[in-house]
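Subject: Structure for you to look through

Dear colleague,

I am passing on the structure we spoke about, so that you can open it beside this message and follow the notes one by one. Please take your time with it, and look up each residue as you read.

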Amino acid sequence: MTPVATYYKIDGERVAQSLNEAREQLLNEDGEAVLDFSEVLRIDTGALRAIEDLANAADQKSLRVVLRKANVGVYKVLKLSRLTARFIFVD
């Protein structure tokens with residue numbers, strides 16, 4: 001049976017909280033998670049810590065995490081933090 005991708009919409013106003021909620025739900029999932037970043041304009045330190053925690057949880061469960069519609073600014077922050085290799089980026 002093919003694993004189904006789980007879809008999460010990340011709230012642009014409360015990025016860190018949305019990422020933490022997604023991480024908690026990921027603990028019960030298998031396969032792939034798609035995080036919709038279309039509303040996220042920037043990543044602050046709290047959100048960066050939350051996305052790193054999410055990546056660690058996904059690695060422990062061998063889940064693929066796809067970031068959908070991440071803007072260039074978000075991508076650059078993740079690149080500088082050396083986190084881009086842990087995610088798949090799609091438009």
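In this predicted model, the count of aromatic pairs comes to one. Its partners are Tyr75 and Phe89, whose rings meet edge-to-face, with 5.0 Å from centre to centre and 80° between the planes. An angle over 60 degrees is what counts as edge-to-face, so the 80° between these two planes places the pair in that class. The pair links distant parts of the chain, since Tyr75 belongs to helix H3 and Phe89 to strand E4, and the two are 14 residues apart. Are these two residues buried, exposed or something in between? Tyr75 has a relative accessibility of 32% and therefore counts as partly exposed, and Phe89, at 28%, is likewise counted as partly exposed.

Strand E4 also has a place in the sheet, which is the next thing to trace. Four strands form an open sheet in the order E1-E2-E3-E4, and the pairing is parallel. E1 and E4 (88-90) stand at the edges with a single partner strand each, so one side of each has no neighbour in the sheet. On average, neighbouring strands of this sheet are turned by 25° against each other, if direction is ignored.

If you follow the individual strands, you will find that E1 (residues 5-9) pairs with E2 in the parallel sense over five bridges. Within this pairing, Ala5 has Glu32 of E2 as its bridge partner, while Thr6 stands opposite Ala33, which is also in E2. E2 and E3 are paired in the parallel sense too, again over five bridges, and here Asp36 has Arg68 in E3 as its bridge partner. The connections between these strands can be followed as well: E1, H1 and E2 make a right-handed β-α-β unit, and E2, H2 and E3 make a right-handed β-α-β unit. E2, which takes part in both units, is mostly covered, with four of its five residues buried.

Which residues have the most contacts inside the largest nonpolar core? This core has 25 residues, and those with the most contacts inside it are Leu19, Leu35, Phe37, Ile51, Leu54, Leu67 and Phe87. The elements that give two or more residues to the core are helix H1 (15-26), strand E2 (32-36), helix H2 (45-61), strand E3 (64-68) and helix H3 (72-80), and H2 gives the most, with six residues. Ile51 is a good residue to start from: leaving aside its neighbours within four places in sequence, Ile51 is in contact with Leu19, Phe37, Leu67, Leu78, Leu83 and Phe87.

Finally, please look at Lys69, which is found in the loop between E3 and H3. Its relative accessibility is 42%, and for that reason Lys69 counts as partly exposed. Lys69 and Asp91 are 22 residues apart along the chain, yet their C-alpha atoms are separated by 4.7 Å. Apart from its neighbours within four places in sequence, Lys69 is in contact with Asp36, Phe37, Ser38, Val90 and Asp91. Two of these names will be familiar by now, as Asp36 is the bridge partner of Arg68 and Phe37 is among the core residues listed above.

With best wishes

Key. Residues are numbered from 1 along each chain as its sequence is written. This is a predicted model: local features need pLDDT of at least 70, side-chain atom pairs count only at pLDDT 80 or more; totals for chains, interfaces and linings use all residues. Side-chain values use heavy atoms; hydrogens and water are left out. A nonpolar core is a set of buried Ala, Val, Leu, Ile, Met, Phe, Trp, Tyr and Cys residues joined through side-chain atoms within 4.5 Å. Buried means under 20% relative accessible area, exposed over 50%, partly exposed in between (1.4 Å probe, protein chains only). Contact means heavy atoms within 4.5 Å. Two strands pair if DSSP finds at least two bridges between them. A crossover is right-handed if, with the strands pointing away from the viewer, the path from the first strand over the helix to the second runs clockwise. Axes are lines fitted to C-alpha atoms, for helices over the stretch in contact, and angles run from 0 to 180 degrees between N-to-C directions. Rings of Phe, Tyr and Trp (its six-membered ring) pair if their centres lie within 6.5 Å; planes under 30 degrees apart count as stacked, over 60 as edge-to-face and the rest as tilted.
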